[in-house]
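Please open the model in a viewer and keep the selection panel at hand. The stops below proceed from the whole chain to individual residues.

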Amino acid sequence: MSAGSSRILVPVGESSTFRNTVAYALREARTGATEGDEQATVHFVYPARWRTVDGGSLDDTETASDLLERVQVWAEEDLDYDEEGEPPVEIETAIVGADRYLFSPGDFAAILVEYAHRTGLDRVVVDPEFQPGGSAPMLRPFEVELSRSDLSVEEAPVERQTTRTRLVSRATVSKGLATFGATYAFYLVIGGHLTTFNLVTGGLTALLATIAFSNITFVTSPSPRRTTLRILRMGLFVPYLVWEITKANIAIAYIILHPDLPIDPEMRRFRAAVWGGLPVTTLANSITLTPGTLTVDIGRDGLDIHTLTDDARDDLAAGSLERAVRFVYYGRSGARIPTPTERGSISLLGPDGEPIAEPTEDAE
């Protein structure tokens with residue numbers, strides 16, 4: 001495969017070097033078109049970190065849309081500066097992966113490779129500061145996963161700015177305060193006593209954790225208003241979860257004591273209407289904490305859940321726990337999304353881990 005191909009895909013993400021990466025991709029596309037006879041095409045693609053449900057999204061997509069609009073403007077500016085007679089460059093922008101859970105570098109790479117194959121692209125130019133997982137350092141494994149495909153993969157040779165963090169940055173301060181507060185509170189809770197020793201060592205531990213991890217703990221800067229609302233809603237969620245766990249324990253105790261042990265275990269795939277690391281983790285752990293259901297795996301297509309009884313599957317299909325988690329993270333509007341049954345988002349899994357058609361009531 002020619003490294004000088006004029007059909008280029010550029011993963012989009014906010015960074016200090018992305019503007020120069022756009023310019024480099026356009027130059028490379030034109031160079032490839034000049035040397036060959038292909039149409040110069042550059043697709044700027046934003047891997048979504050949210051889930052789309054019923055044609056809409058609970059997450060705010062303004063960040064992605066704004067960035068893609070800026071990319072379009074940058075591209076048009078760069079192309080306007082070129083001399084007449086240069087090959088034209090077709091510019092496309094897209095958001096991909098809104099119907100999947102994207103966690104690992106392989107997930108992000110797979111969705112981009114699929115897009116490239118679908119649109120006839122054969123070359124990927126990666127911004128050297130692109131982070132598919134938000135702020136988590138996933139660039140190197142992401143590039144390794146991309147290189148396993150039949151696409152030509154390269155990092156844009158653009159000059160990087162210093163990576164030292166500015167302590168006066170509003171984003172850095174908000175992340176640092178949130179990390180420090182959460183770590184300090186957790187330390188004091190574990191310590192059990194508000195002694196001078198615990199207060200001092202807790203403060204030092206929280207300070208070290210803030211310095212080391214604040215920039216990778218949060219994908220975006222914490223919003224005081226949003227965080228406060230989520231904490232308040234979590235205060236309502238915890239008693240509800242305890243009640244659900246209590247009911248499920250009673251149901252499982254009845255099954256254990258029943259002479260016939262009436263169980264009917266099955267694996268189900270649940271395409272939940274939540275996205276992002278913390279909401280998905282909350283839902284997965286809540287399902288696991290409720291006896292009768294166990295989250296076995298989280299993949300691009302949803303959560304694989306082991307269900308022990310028909311009642312457990314009915315509760316999962318009713319979506320009450322999913323609705324409660326959505327309420328915590330997205331507010332009342334998130335709680336109004338249709339149930340998993342109404343969305344058709346739960347499927348039976350076969351022995352090979354693939355969805356299979358469920359038998360109809362009339363089947364014999």
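**The whole chain**

Colour the chain by secondary structure: 12 helices and 12 strands are assigned. The model is a predicted one. Of the 364 residues in the chain, 43% are buried. If contacts are drawn between residues at least 6 apart in sequence, 73% of them join residues at least 24 apart.

**The nonpolar cores**

Which residues have the most contacts inside the largest nonpolar core? Select Val42 and Phe44, which hold that position in a core of 26 residues. Then display strand 1 (7–11), helix 1 (18–35), strand 2 (40–47), helix 2 (62–81) and strand 5 (89–96), the elements that each give two or more residues to this core. Centre the view on Val42 and show its surroundings. Beyond the neighbours up to four places away in sequence, Val42 touches Ile8, Val10, Ala25, Leu26, Ala29, Val89, Glu90, Ile91 and Glu92.

A second core, separate from the one just visited, comprises 23 residues; Tyr101, Leu241, Ile287 and Ile305 are among them. Such groupings fit a general tendency: in soluble globular proteins, nonpolar side chains tend to be buried together.

**Helix 7 against helix 8**

Select helix 7 (224–257) and helix 8 (277–289). Their axes lie 9 Å apart, and the two helices pack at an angle of about 30°. Show side chains at the contact: Phe237, Leu241 and Ile245 come from helix 7, and they meet Thr282, Ser286 and Leu289 of helix 8. By class, the residues of this contact are 4 nonpolar and 2 polar, with no charged residue. Leu241, displayed here, also belongs to the second core.

**The second largest pocket**

Keep both helices visible and add helix 9 (310–318) and helix 10 (320–330); each of the four supplies at least two residues to the lining of the second largest pocket. The volume of this pocket is about 470 Å³. To find its centre, select Thr290, Pro291, Asp311, Ala312 and Asp315, the closest to that point of the 25 lining residues. Which helix contributes the largest share of the lining? Helix 7 does, with 6 residues. Colouring the lining by class gives 12 nonpolar, 6 polar and 7 charged residues.

**Arg233**

Return to helix 7 and select Arg233. Is this residue buried or exposed? Arg233 has a relative accessible area of 15%, under the 20% cut-off, and therefore counts as buried. Next, display Phe327, Val328, Tyr329, Tyr330 and Gly331, which Arg233 touches when residues up to four places away in sequence are set aside. A distance label between the C-alpha atoms of Arg233 and Tyr330 should read 9.8 Å, although the two are 97 residues apart in sequence.

**Glu322 and Ser345**

Move to helix 10 and select Glu322. With a relative accessible area of 2%, Glu322 is buried. Apart from residues up to four places away in sequence, Glu322 touches Phe270, Ala272, Ala273, Leu283, Pro340 and Arg343. Label also the C-alpha separation from Glu322 to Pro279: 9.9 Å, for residues 43 apart along the chain.

From there, go to Ser345, in the loop between helix 12 (340–343) and strand 11 (346–349). Despite its place in a loop, Ser345 is buried, at 7% relative accessibility. Its contacts outside four places in sequence are Arg269, Phe270, Arg271 and Pro340. Phe270 and Pro340 are also touched by Glu322.

**Leu261**

The last stop is the loop between helix 7 and strand 8 (266–270), where Leu261 is found. What should be inspected in its backbone? Leu261 has a positive phi of about 45°, although it is not a glycine. Its relative accessibility of 44% makes Leu261 partly exposed.

Methods: Residues are numbered from 1 along each chain as its sequence is written. This is a predicted model: local features need pLDDT of at least 70, side-chain atom pairs count only at pLDDT 80 or more; totals for chains, interfaces and linings use all residues. Side-chain values use heavy atoms; hydrogens and water are left out. On a 1 Å grid over the protein atoms alone, a cavity is a set of points where a 1.4 Å probe fits but cannot get out, and a pocket is an open set with protein on both sides within 12 Å along at least five of seven lines; lining residues have an atom within 4 Å of a point. Grid points are joined across faces, edges and corners, and a volume is the space filled by probe spheres set on the points. Ala, Val, Leu, Ile, Met, Phe, Trp, Tyr, Cys and Pro count as nonpolar, Asp, Glu, Lys and Arg as charged, and the others, Gly among them, as polar. Axes are lines fitted to C-alpha atoms, for helices over the stretch in contact, and angles run from 0 to 180 degrees between N-to-C directions. Contact means heavy atoms within 4.5 Å. Buried means under 20% relative accessible area, exposed over 50%, partly exposed in between (1.4 Å probe, protein chains only). A nonpolar core is a set of buried Ala, Val, Leu, Ile, Met, Phe, Trp, Tyr and Cys residues joined through side-chain atoms within 4.5 Å.
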